Amino acid sequence: MPKPLIGLAAGVALLAALPLAVPFMTFVVTLAVAKGFAALGVALLLRAGLISLGHAMYFAIGAYTTAFLMQKTGITDFAILVAASIIVATLAGLAFGAFLVRYRAIFFAMLNLAVSMVIYALCSKLYGVTGGTDGLRVGVPTVFAWVPEKAAFDTFLLYATLGLMLVLGWLGHRYLKSPLGHALAAVHTNEVRLEYLGVSAWSTLLTAYGISAGLAGLGGALSAMAIGHVLPEFAFWTESGHLVLTAVLGGVGGVAGPFIGSIFLELVHVVAVGVAAEAWNLIIGVALICVIFFLPRGLFGLIEGRRGKTGGTDL
Amino acid sequence: MSSQATSAAPLLQASGLEISFGGVKAADGVNLTVHEGEFVAIIGPNGSGKTTFLNICTGYLKPSRGQVFLAGRDITQLPPRSIARQGIARAFQIPQLFTDHSLIDNLMLSIAARHGIWQALSPLDRPEYRAEAMEILELLGLAAHADTLTGTLPEGLRKLADITLAFALDPRLLVLDEPTSGVSSIERFQIMETLMKAMRSRKLSALFVEHDMDVVERYADRVVVWNAGHVMAEGRPAEVMQDPRVLESVVGVA
């Protein structure tokens, strides 16, 4: 068994076991991994050299889809809620992405930010649909015929989230290794050559953008269930910035990076709030500076070790 | 070389091309034909519109008047990616490579582009792509550099690497913009020898812009002399080089 796989297995086992020892970690780990999906979405676009400063909107769209369906239509099934959230977020991503992926660099970043703030405003103002600034409450979903208690559902949600992380992480890994995934990185290095190979940069990017929106939507749906409430703040631009920070901190070389970054940030958050509540942002800032200076490939680079110096990564 | 070239079917046909930038006419009623199996060289002074012509043929620029046909099909208004899929592959004056990828990954991406890029779950690095990529690298003498990041290759090899990317598309027509510029005069003939051998083994047709008269005389079946946006003369290199107008405007000998 190759080394990174051992590390991966150990990491997942630790995440699965941690809540058994420390019950409140169930919530922390679930939320961390859920946000990790959104950070993975941002990381995909970073591979193409595009920084989205608006991806929290897809996270919010996923979260609101779950909350709205539960409150207004009475659909409570976990699988349906998750699937619907992914679909709605992906469709929103394809619709906005169709024009957003025509832009590059600062224009792409700012336009994503602008669209996300429109979504934020809509979440705050459309009281009838979104509950305005009060947000929407999210009850305890059912799992097929099972109607669990809140505590039992939280445990289920943790393991379902971890399971989804493994399945989607594996699919994401396959995607990055595929012709389409390499084409995505090629947009970054030489878009002109890519077009002259007969490949449309626009389609390549839109595909990635749709996938990234779907991942963020999934993260939003899982977070909504874990938190039990959705708020317009989910779409606020600072949340989008947080996703970029998470992706960069964890490393964008492979699919594991954003999850590692997200778990690291949530754990630091828990510790910092307990020890030095006022210094939370300071600690995060210093951590980020250290990573950028000493670990240019992110925390993921630590695990990856000395392999992959040629730029290709495996996990 | 192929003396029967002119009797073969026209592969690329440009007729009445016009384009201008500000007041400068970069193409002013250009007619040019490349036949199947031909190696056609374009020569001419700087700024006479040679690269502009290549840009029109590969879809980067749209002419204000005139048409380009590839094997009888109008490709004038198509974007570069569609023209690439129709069978015109281009190598650039300044090499255009995926500099963060190894040379073989560059090639496998080009091969994948030909077979259809829309594969999201099967790997790029698969045995059949790798074998084909190695075959092309061997053909062009780059096999030893397969695993080198293309961003770190020396200039001469980057030029060849750029050409291999075009090769990997298995085109009908190869368009080369100054394949030997920026290369020492000794390397120049080595590169051209390798290139010609490779093109002949693939039975490719080629259109190339070239400044070096010795290269043109030795390798082109036909030479087209460009001047101020139009074709001033064309024919076999040996004949064209005798033309006093050509000598004056292009070769620089009065």
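How many residues of chain B are in contact with chain A, and how many of chain A with chain B? Keep in mind as you click around that this is a predicted model. Select both chains and look where they meet: 27 residues of chain B are in contact with 22 residues of chain A.

**Stop 1: chain B's side of the contact**

Stay on chain B and highlight helix H2 (80-86) and helix H3 (103-115); these are the elements that give two or more residues to the side touching chain A. H3(B) gives the most, with five residues. Now colour that side of chain B by residue type. You should get 16 nonpolar residues, six polar and five charged.

**Stop 2: a four-stranded sheet in chain B**

Next, switch to cartoon view and find the open sheet of four strands in chain B, with the order S2-S1-S4-S5 and antiparallel pairing. Which strands sit at the edges? Select strand S2 (24-35) and strand S5 (73-74) of chain B: each pairs on one side only. In general, strands of a sheet pair through backbone hydrogen bonds, either parallel or antiparallel.

Now pick strand S1 (residues 10-21) of chain B. On strand S4 (residues 65-70) of chain B, S1 has an antiparallel partner, with five bridges between the two. To see one of the bridge pairs, show B:Glu18 together with B:Arg65, its bridge partner in S4(B).

S1(B) also runs antiparallel to S2(B), and nine bridges join these two strands. For a pair to click on here, try B:Ser20 and its bridge partner in S2(B), B:Lys25. Then follow the chain round the turn: S1(B) and S2(B) form a hairpin with two residues between them. Stop at B:Gly22 in that turn, which has a positive phi of about 65°.

**Stop 3: two alanines with a positive phi**

Most residues other than glycine have a negative phi. With that in mind, jump to B:Ala228, which is not a glycine yet has a positive phi of about 45°. Where is B:Ala228? Look in the loop between strand S9 (222-227) and strand S10 (230-235) of chain B. B:Ala228 counts as partly exposed because it has 15 C-beta neighbours inside 10 Å.

Last, move over to chain A and select A:Ala105. This residue is not a glycine either, but its phi is positive, at about 50°. The place to look is helix H5 (residues 105-125) of chain A. Is A:Ala105 buried or exposed? A:Ala105 has 10 C-beta neighbours inside 10 Å, so it counts as exposed.

Key. Residues are numbered from 1 along each chain as its sequence is written. Chains are lettered from A and ligands numbered from 1 in the order in which they are written. This is a predicted model: local features need pLDDT of at least 70, side-chain atom pairs count only at pLDDT 80 or more; totals for chains, interfaces and linings use all residues. Two residues are in contact if their C-beta atoms, placed from the backbone, lie within 7 Å. Ala, Val, Leu, Ile, Met, Phe, Trp, Tyr, Cys and Pro count as nonpolar, Asp, Glu, Lys and Arg as charged, and the others, Gly among them, as polar. Two strands pair if DSSP finds at least two bridges between them. A residue is buried if 20 or more other C-beta atoms lie within 10 Å of its own, exposed if 12 or fewer, and partly exposed in between; C-beta atoms are placed from the backbone.
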